[in-house]
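This report describes the fold and the internal spaces of one protein chain. The structure is shown first, and the description follows.

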Amino acid sequence: MAHWVGRVALVTGASAGIGYSVTKALVERGMKVVACARNIAAIQKLGEELIEHPGSVTAVKCDVSKEEEVTAMFQMIRQHSSLGRVDVCINNAGLAHNAPLLTGDTDKWKHIFSVNVLGLMMVTKESFKMMQENNIDDGHIILVNSISGHRVVKNTAGNCYIASKFAVTAIREGLRNELREMKSKIRVSQVCPGVVQTEFLTSNFSEEFAKTIYSSMKCLQPEDVRDSILFIMDAPPHVEINDILVRPVEQIF
(Lines give C-alpha, C1' and ligand atoms only; values in the text may rest on other atoms or scores of the structure.)
Protein backbone atom coordinates (compact mmCIF):
# COMPACT_ATOMS: atom_id res chain seq x y z
CA MET A 1 0.00 0.00 0.00
CA ALA A 2 3.03 2.31 0.17
CA HIS A 3 2.45 3.68 -3.33
CA TRP A 4 -0.97 5.02 -2.28
CA VAL A 5 0.27 7.10 0.67
CA GLY A 6 -0.71 10.75 0.25
CA ARG A 7 -2.99 10.01 -2.69
CA VAL A 8 -6.75 10.51 -2.92
CA ALA A 9 -9.43 7.82 -2.68
CA LEU A 10 -13.16 8.37 -3.18
CA VAL A 11 -15.43 6.00 -1.25
CA THR A 12 -19.20 6.06 -1.81
CA GLY A 13 -21.68 4.75 0.73
CA ALA A 14 -19.11 5.46 3.43
CA SER A 15 -21.33 6.12 6.44
CA ALA A 16 -21.69 2.49 7.53
CA GLY A 17 -20.74 -1.10 6.87
CA ILE A 18 -18.16 -1.87 4.19
CA GLY A 19 -17.69 1.74 3.10
CA TYR A 20 -17.07 2.89 6.66
CA SER A 21 -14.55 0.11 7.27
CA VAL A 22 -12.71 0.84 4.01
CA THR A 23 -12.57 4.57 4.73
CA LYS A 24 -11.05 3.94 8.16
CA ALA A 25 -8.44 1.53 6.77
CA LEU A 26 -7.33 3.86 3.97
CA VAL A 27 -6.94 6.82 6.31
CA GLU A 28 -4.89 4.66 8.69
CA ARG A 29 -2.66 3.82 5.72
CA GLY A 30 -2.07 7.45 4.80
CA MET A 31 -4.60 8.17 2.07
CA LYS A 32 -6.73 11.27 1.73
CA VAL A 33 -10.27 9.88 1.60
CA VAL A 34 -13.28 11.68 0.17
CA ALA A 35 -16.05 9.76 1.90
CA CYS A 36 -19.58 10.37 0.70
CA ALA A 37 -23.06 9.27 1.75
CA ARG A 38 -26.54 10.70 2.09
CA ASN A 39 -26.06 10.89 5.87
CA ILE A 40 -22.57 12.11 6.69
CA ALA A 41 -22.74 12.46 10.49
CA ALA A 42 -21.03 9.08 11.03
CA ILE A 43 -18.30 9.98 8.53
CA GLN A 44 -17.64 13.30 10.24
CA LYS A 45 -17.35 11.52 13.60
CA LEU A 46 -14.92 9.00 12.07
CA GLY A 47 -12.82 11.84 10.71
CA GLU A 48 -12.55 13.32 14.19
CA GLU A 49 -11.51 9.95 15.64
CA LEU A 50 -8.80 9.51 12.99
CA ILE A 51 -7.30 12.97 13.32
CA GLU A 52 -3.98 11.56 14.61
CA HIS A 53 -3.57 9.19 11.67
CA PRO A 54 -1.43 10.01 8.60
CA GLY A 55 -4.38 10.26 6.21
CA SER A 56 -7.52 12.39 6.33
CA VAL A 57 -11.28 12.22 5.82
CA THR A 58 -13.28 14.75 3.84
CA ALA A 59 -16.99 14.03 4.41
CA VAL A 60 -19.36 14.90 1.57
CA LYS A 61 -23.14 14.66 1.47
CA CYS A 62 -24.00 13.02 -1.85
CA ASP A 63 -26.80 10.86 -3.16
CA VAL A 64 -25.11 9.10 -6.08
CA SER A 65 -28.44 8.66 -7.87
CA LYS A 66 -28.68 12.44 -8.34
CA GLU A 67 -26.43 13.72 -11.11
CA GLU A 68 -26.34 17.26 -9.77
CA GLU A 69 -25.02 16.04 -6.42
CA VAL A 70 -22.40 13.86 -8.08
CA THR A 71 -21.29 16.79 -10.24
CA ALA A 72 -21.11 19.09 -7.22
CA MET A 73 -19.00 16.58 -5.29
CA PHE A 74 -16.41 16.34 -8.05
CA GLN A 75 -16.34 20.11 -8.41
CA MET A 76 -15.61 20.34 -4.68
CA ILE A 77 -12.76 17.84 -5.06
CA ARG A 78 -11.29 19.89 -7.92
CA GLN A 79 -11.38 23.09 -5.90
CA HIS A 80 -10.21 21.61 -2.57
CA SER A 81 -6.68 22.78 -1.81
CA SER A 82 -5.42 19.43 -0.50
CA LEU A 83 -7.34 17.19 -2.90
CA GLY A 84 -7.77 18.22 -6.54
CA ARG A 85 -7.70 14.67 -7.90
CA VAL A 86 -8.98 11.10 -7.54
CA ASP A 87 -6.50 8.23 -7.69
CA VAL A 88 -8.77 5.44 -6.47
CA CYS A 89 -12.54 5.25 -6.90
CA ILE A 90 -14.35 2.74 -4.68
CA ASN A 91 -17.98 2.44 -5.71
CA ASN A 92 -19.62 0.96 -2.63
CA ALA A 93 -23.04 2.65 -2.47
CA GLY A 94 -25.94 0.30 -3.12
CA LEU A 95 -29.44 -0.58 -2.02
CA ALA A 96 -32.24 -3.07 -2.50
CA HIS A 97 -36.03 -3.20 -2.28
CA ASN A 98 -38.65 -5.90 -2.18
CA ALA A 99 -39.33 -5.53 -5.90
CA PRO A 100 -40.34 -8.68 -7.81
CA LEU A 101 -40.13 -8.63 -11.59
CA LEU A 102 -43.79 -9.48 -12.24
CA THR A 103 -45.49 -7.60 -9.41
CA GLY A 104 -42.92 -5.04 -8.28
CA ASP A 105 -43.37 -1.29 -8.00
CA THR A 106 -41.87 0.66 -10.90
CA ASP A 107 -40.53 3.39 -8.62
CA LYS A 108 -38.62 0.77 -6.61
CA TRP A 109 -37.14 -0.69 -9.80
CA LYS A 110 -36.02 2.79 -10.83
CA HIS A 111 -34.52 3.50 -7.41
CA ILE A 112 -32.49 0.28 -7.45
CA PHE A 113 -31.06 0.97 -10.90
CA SER A 114 -30.53 4.68 -10.26
CA VAL A 115 -28.20 3.90 -7.33
CA ASN A 116 -26.68 0.49 -8.12
CA VAL A 117 -26.12 1.06 -11.83
CA LEU A 118 -26.49 4.67 -12.98
CA GLY A 119 -24.98 6.14 -9.80
CA LEU A 120 -22.03 3.79 -10.07
CA MET A 121 -21.57 4.73 -13.73
CA MET A 122 -21.71 8.47 -13.05
CA VAL A 123 -19.18 8.30 -10.20
CA THR A 124 -16.89 6.10 -12.29
CA LYS A 125 -17.09 8.41 -15.30
CA GLU A 126 -16.31 11.51 -13.26
CA SER A 127 -13.46 9.76 -11.47
CA PHE A 128 -11.94 8.69 -14.78
CA LYS A 129 -12.32 12.24 -16.13
CA MET A 130 -10.43 13.57 -13.13
CA MET A 131 -7.72 10.94 -13.55
CA GLN A 132 -7.29 12.08 -17.15
CA GLU A 133 -7.15 15.74 -16.11
CA ASN A 134 -4.30 14.94 -13.72
CA ASN A 135 -2.44 12.53 -16.04
CA ILE A 136 -3.03 9.65 -13.63
CA ASP A 137 -2.40 6.41 -15.50
CA ASP A 138 -2.03 4.12 -12.51
CA GLY A 139 -5.45 4.80 -10.97
CA HIS A 140 -7.81 2.12 -9.77
CA ILE A 141 -11.59 1.76 -10.10
CA ILE A 142 -13.07 -0.74 -7.64
CA LEU A 143 -16.71 -1.83 -7.67
CA VAL A 144 -18.25 -3.38 -4.57
CA ASN A 145 -20.67 -5.74 -6.24
CA SER A 146 -22.32 -8.88 -4.82
CA ILE A 147 -22.38 -12.63 -5.25
CA SER A 148 -25.75 -11.78 -6.80
CA GLY A 149 -23.81 -10.45 -9.77
CA HIS A 150 -22.88 -14.04 -10.60
CA ARG A 151 -25.89 -16.21 -9.86
CA VAL A 152 -29.68 -16.04 -9.61
CA VAL A 153 -31.35 -17.65 -6.60
CA LYS A 154 -35.03 -18.29 -5.99
CA ASN A 155 -35.66 -15.01 -4.24
CA THR A 156 -38.68 -13.22 -5.67
CA ALA A 157 -38.19 -10.13 -3.51
CA GLY A 158 -34.60 -9.67 -4.67
CA ASN A 159 -34.88 -10.30 -8.40
CA CYS A 160 -34.57 -6.65 -9.45
CA TYR A 161 -31.59 -6.21 -7.12
CA ILE A 162 -29.96 -9.29 -8.64
CA ALA A 163 -30.52 -7.87 -12.13
CA SER A 164 -28.78 -4.65 -11.11
CA LYS A 165 -25.79 -6.60 -9.80
CA PHE A 166 -25.47 -8.62 -13.01
CA ALA A 167 -25.35 -5.23 -14.74
CA VAL A 168 -22.41 -4.21 -12.52
CA THR A 169 -20.47 -7.31 -13.58
CA ALA A 170 -21.05 -6.38 -17.23
CA ILE A 171 -20.01 -2.79 -16.49
CA ARG A 172 -16.78 -4.02 -14.90
CA GLU A 173 -15.76 -5.84 -18.06
CA GLY A 174 -17.00 -3.03 -20.30
CA LEU A 175 -14.88 -0.51 -18.41
CA ARG A 176 -11.85 -2.73 -18.76
CA ASN A 177 -12.40 -3.07 -22.51
CA GLU A 178 -12.71 0.70 -22.95
CA LEU A 179 -9.58 1.38 -20.88
CA ARG A 180 -7.57 -1.16 -22.87
CA GLU A 181 -8.74 0.41 -26.13
CA MET A 182 -7.40 3.72 -24.82
CA LYS A 183 -4.07 2.05 -23.90
CA SER A 184 -4.69 3.20 -20.34
CA LYS A 185 -3.10 1.40 -17.40
CA ILE A 186 -5.91 2.34 -15.03
CA ARG A 187 -7.14 -0.89 -13.44
CA VAL A 188 -10.71 -2.11 -12.85
CA SER A 189 -11.68 -4.60 -10.16
CA GLN A 190 -14.76 -5.79 -8.35
CA VAL A 191 -15.42 -7.57 -5.06
CA CYS A 192 -18.50 -9.78 -4.85
CA PRO A 193 -19.37 -10.66 -1.25
CA GLY A 194 -22.03 -13.03 -0.04
CA VAL A 195 -23.93 -12.25 3.14
CA VAL A 196 -22.23 -9.47 5.13
CA GLN A 197 -23.55 -8.62 8.58
CA THR A 198 -24.33 -4.93 8.25
CA GLU A 199 -27.49 -2.83 8.39
CA PHE A 200 -28.18 -3.64 4.71
CA LEU A 201 -30.90 -6.28 5.12
CA THR A 202 -32.57 -4.38 7.94
CA SER A 203 -32.73 -1.07 6.10
CA ASN A 204 -33.64 -2.53 2.71
CA PHE A 205 -35.98 -5.36 3.70
CA SER A 206 -36.95 -5.86 7.36
CA GLU A 207 -35.47 -6.44 10.79
CA GLU A 208 -37.16 -9.85 10.98
CA PHE A 209 -35.69 -10.94 7.64
CA ALA A 210 -32.24 -9.70 8.67
CA LYS A 211 -32.35 -11.63 11.95
CA THR A 212 -33.38 -14.81 10.12
CA ILE A 213 -30.47 -14.59 7.68
CA TYR A 214 -27.82 -13.35 10.10
CA SER A 215 -28.66 -16.02 12.69
CA SER A 216 -28.50 -18.84 10.12
CA MET A 217 -24.70 -18.72 9.70
CA LYS A 218 -21.50 -17.00 10.71
CA CYS A 219 -21.68 -14.11 8.26
CA LEU A 220 -18.92 -12.08 6.70
CA GLN A 221 -18.04 -8.89 8.53
CA PRO A 222 -17.34 -5.55 6.80
CA GLU A 223 -13.66 -6.02 7.65
CA ASP A 224 -13.56 -9.24 5.61
CA VAL A 225 -14.64 -7.36 2.48
CA ARG A 226 -12.33 -4.47 3.37
CA ASP A 227 -9.40 -6.87 3.40
CA SER A 228 -10.26 -8.05 -0.12
CA ILE A 229 -10.25 -4.43 -1.31
CA LEU A 230 -6.88 -3.77 0.34
CA PHE A 231 -5.52 -6.91 -1.31
CA ILE A 232 -6.66 -5.64 -4.71
CA MET A 233 -5.09 -2.23 -4.13
CA ASP A 234 -1.81 -3.74 -2.97
CA ALA A 235 -1.26 -5.75 -6.17
CA PRO A 236 1.75 -4.73 -8.30
CA PRO A 237 0.96 -2.23 -11.10
CA HIS A 238 1.10 -4.95 -13.79
CA VAL A 239 -1.48 -7.11 -11.96
CA GLU A 240 -5.18 -6.42 -12.37
CA ILE A 241 -7.37 -8.48 -10.06
CA ASN A 242 -10.65 -8.36 -11.92
CA ASP A 243 -12.97 -10.23 -9.57
CA ILE A 244 -13.00 -11.60 -6.04
CA LEU A 245 -15.91 -13.74 -4.83
CA VAL A 246 -16.03 -14.11 -1.06
CA ARG A 247 -18.76 -15.91 0.88
CA PRO A 248 -19.34 -17.20 4.39
CA VAL A 249 -18.31 -20.85 4.59
CA GLU A 250 -21.84 -21.78 5.68
CA GLN A 251 -23.70 -19.85 2.98
CA ILE A 252 -25.59 -22.28 0.75
CA PHE A 253 -27.37 -19.85 -1.58
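Helices and strands are here DSSP runs, helices of at least four residues and strands of at least two, numbered from the N terminus. The model under discussion is predicted.

## The central sheet

Seven strands make up an open sheet, arranged in the order 3-2-1-4-5-6-7 with parallel pairing. Strand 3 (56-61) and strand 7 (243-246) occupy the edges; each has a single partner strand, so one side of each is left without a neighbour in the sheet. On average, neighbouring strands of this sheet are turned by 15° against each other, direction ignored.

Strand 4 (residues 88-91) is joined to strand 5 (residues 140-144) by four bridges, and these two strands run parallel. Within this pairing, Ile90 has Ile142 of strand 5 as its bridge partner. Strand 4 also pairs with strand 1 in the parallel sense, over three bridges. Here Ile90 of strand 4 is the bridge partner of Val11.

## Helices packed on the sheet

Helix 1 (residues 17-28) packs on the sheet and touches strand 1 (8-12), strand 2 (32-37), strand 3, strand 4 and strand 5. The direction of helix 1 makes about 165° with that of strand 1. Helix 4 (residues 106-133) likewise packs on the sheet, where it touches strand 1, strand 4 and strand 5. Its direction makes about 180° with that of strand 4.

Strand 4 is covered on both faces. Val88 and Ile90 on one side are buried, as are Cys89 and Asn91 on the other.

## Two buried hydroxyl residues

Which residues does Thr58 contact beyond its neighbours within four places in sequence? Thr58 belongs to strand 3, and its contacts are Val33, Val34, Ala35, Met76, His80 and Leu83. With a relative accessibility of 16%, Thr58 falls under the 20% limit and therefore counts as buried.

Ser164 lies in helix 5 (residues 159-181). Its relative accessibility is 0%, so Ser164 counts as buried. When residues up to four places away in sequence are not counted, Ser164 touches Ile112, Phe113, Asn116 and Val117.

## The enclosed cavity

How many cavities of 30 Å³ or more does a search of the whole structure find? The search finds one, and the space in this largest cavity is about 40 Å³. Its lining consists of Thr12, Val64, Asn91, Ala93, Val115, Gly119, Leu120 and Val123. Asn91 thus appears in the cavity lining as well as among the buried residues of strand 4.

Helix 4 provides the largest share of this lining, four residues. By residue class, the lining of the largest cavity comprises five nonpolar and three polar residues, with no charged ones.

## The pockets

The largest pocket holds about 1100 Å³ of space. It is lined by 48 residues, of which Gly94, Leu95, Tyr161, Phe200 and Asn204 are the closest to its centre. Helix 1, helix 4, helix 5, helix 6 (200-204) and helix 7 (207-214) each contribute at least two lining residues. Helix 6 gives the most, with four residues. The lining of the largest pocket divides into 24 nonpolar, 19 polar and five charged residues.

About 240 Å³ of space lies in the second largest pocket. The residues that line this pocket are Met121, Thr124, Lys125, Phe128, Ile141, Ile171, Leu175, Glu178, Leu179 and Met182. Helix 4 and helix 5 each supply at least two of them. Seven residues of this lining are nonpolar, one is polar and two are charged.

Notes. Residues numbered from 1 in each chain as written. Predicted model: local features only at pLDDT ≥ 70, side-chain atom pairs only at ≥ 80, totals over all residues. Heavy atoms only, no water. Pairing = 2+ DSSP bridges. Axes fitted to C-alpha atoms, helices over the stretch in contact; angles between N-to-C directions. Contact = heavy atoms within 4.5 Å. 1 Å grid on protein atoms, 1.4 Å probe; cavity = no way out; pocket = protein on both sides within 12 Å on 5 of 7 lines; lining within 4 Å. Points joined across faces, edges and corners; volume = space filled by probe spheres on them. Nonpolar A, V, L, I, M, F, W, Y, C, P; charged D, E, K, R; others polar. Buried < 20%, exposed > 50% of the residue type's maximum accessible area, 1.4 Å probe, protein only.
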